[in-house]
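These are my notes from a session with the model, kept in the order in which I looked things up.

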Amino acid sequence: MQDRTKSYFGTDGIRGAVGISPITPDFMLKLGWAAGKVFANAGNGRNKILIGKDTRISGYMFEAALEAGLSAAGVDINLTGPMPTPAIAYLTRTLRAQAGIVISASHNSYEDNGIKFFSHDGTKLPDELEFAIEDLLSRDVSVSTVAPQFLGKASRISDAAGRYIEFCKSTIGSSLKFNGLKIVVDCAHGSTYHIAPAVFEELGAQVHAIGASPDGLNINGNNGSTAPAALAEAVLTQKADIGIAFDGDGDRVIMVDHLGNIVDGDEILYVIARDRRRQSIDFGGVVGTLMSNLGLELALDALDVPFTRVPVGDRYVMKGMLDRGWHLGGENSGHLICLDITNTGDGIVSALQALAALVNCGQPLADARSKMRKFPQSMVNIKTTNAVEISKNKTVQLAIADIETRLGGNGRVLLRPSGTEPVLRVMVEGEDSKAVHQLAKELSDVVASEYSI
């Protein structure tokens, strides 16, 4: 099973441009039917599957198609409307659903969309279920319909937002409040727009919300965790204590301190780990990725906190945490996992943990993250058409060796294919920003000459 290659499922579900296969209504209809068949066979009695979505306009179209396919397979459907991805993971678990589906392309723009699945316990689907769904999708058969009396029924969960808001608030101590804090919350015009401001307000903070007026087309558009400049400007204008930005589906978080400095996922992980170490809370260690900043590794080492790297992707971060029994992990993009609190990456929960850490230590974010010195990184994306085997290319390997020699042991070189885009990522990290950018350009020029389309 491990040697098989998936046709549709990537490291983070199925994703692509709307209207281009497989992100089409007819595919989503068959996907709903195939998933319904697989989960119906895997369960006992009447099955139900949750469907949530972010705010992009195509979500309505794909929601209807998935609903039709699931109903044809004889599976009941619970609709939540726009909800953060981690909320669907939580609701799937607490409502005892067979599975959860999120219609979202995460941090991508509205032109893209995708599908993520959660198993009954709110975790990513195991490989065997994804392969089983793909087996049905690959068959040259039409969507079959169960007898009319066995068709799935659809219903809407009217209190989905309230349930998730209460869960988020419960993840910090009941005595902990954010009274006196002024927070700017950037919802990226995405699925946290009606959730995140309420969570922080109900915990006592004064909230100024931006990016909270979705129109179906503006998700992740110059707002949110992938475009934090708007948040930084708002924090300075509002004279706020802190800024918090989520991506379109709410599983990532980036922060801004009161001085307008952007604080990424590595630094947020450090702040949380530092507070837990200070309180002698046993969390094992921290799992990062190949992209985690070298500064995080060194800062955690100074706290005597174990650290390890895994391939990029929350699936690999989760596996690394489970394998070691550790409770903290994440990526510099802001996709963080607090495994002792919830079993998936959750932007709001991670932000609450960071805020709680700041309240506990009585420091502003600028001071709490100051002991971690980030090393400059430079990333260049090279567009490619096919899978490439970098390790077998002598020209690229010689270029890498030359760059590593010039870094003198005080930096890193990383080449890796993206899991969501047809690009090869070239990253150089070191102590001197100017040198890092120059070395990244030199290496990317070599790689582009070998692989660029």
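**Entry on T55**

I started with T55, which sits in the loop that runs between β2 (48-53) and α2 (58-72). I kept in mind throughout that the model is predicted. Is T55 buried or exposed? I found a relative accessibility of 9% for T55, and because buried means under 20% relative accessible area, T55 counts as buried.

I then listed what T55 touches, leaving out residues up to four places away in sequence, and obtained P82, H189, G190, S191, Y193, P214, G216 and I219. I also looked up the pair T55 and P84, which are 29 residues apart in sequence, and noted a C-alpha to C-alpha distance of 9.7 Å.

**Entry on N47**

Next I turned to N47, whose place is in the loop between α1 (25-42) and β2. With a relative accessibility of 6%, N47 counts as buried. Which residues does N47 touch, not counting those up to four places away in sequence? I recorded F39, A40, V75, D76 and Q98 as the contacts of N47.

**Entry on Y110 and a surface patch**

I went on to Y110, which I located in the loop between β4 (99-103) and β5 (112-118). The relative accessible area of Y110 is 31%, so I entered this residue as partly exposed, given that this class lies between the 20% limit for buried and the 50% limit for exposed. Y110 forms a nonpolar patch on the surface with I57 and L217, and I noted about 270 Å² of accessible area for the three residues together.

**Entry on two helix pairs**

I closed with helix packing, since two packed helices are described by the angle between their axes and the distance between the axes.

For helix α8 (residues 265-278) and helix α9 (residues 294-302), I noted that the axes come within 10 Å and cross at roughly 10 degrees. That angle makes α8 roughly parallel to α9. The contact is made by D266, L269, Y270 and A273 on the α8 side, and by L296, A299 and L300 on the α9 side.

For helix α13 (residues 394-407) and helix α14 (residues 433-451), I wrote down a packing angle of about 175 degrees, with the axes 10 Å apart. Because angles over 145 degrees count as roughly antiparallel, I described α13 and α14 as roughly antiparallel to each other. In this pair, T395, V396, A399, I400, I403, R406 and L407 of α13 meet L439, E442, L443, V446, V447, E450 and Y451 of α14.

Technical notes: Residues numbered from 1 in each chain as written. Predicted model: local features only at pLDDT ≥ 70, side-chain atom pairs only at ≥ 80, totals over all residues. Heavy atoms only, no water. Patch = residues over 30% accessible without salt bridge, like charges linked within 9 Å, V, L, I, M, F, W, Y side chains within 5 Å. Areas by Shrake-Rupley, 256 points an atom, 1.4 Å probe, with all protein chains shown as cover. Salt bridge = Lys/Arg side-chain N within 4 Å of Asp/Glu carboxyl O. Helix = DSSP H or I, 4+ residues; strand = E, 2+ residues; numbered from the N terminus. Buried < 20%, exposed > 50% of the residue type's maximum accessible area, 1.4 Å probe, protein only. Axes fitted to C-alpha atoms, helices over the stretch in contact; angles between N-to-C directions. Parallel < 35°, antiparallel > 145°, perpendicular 65-115°, else oblique. Contact = heavy atoms within 4.5 Å.
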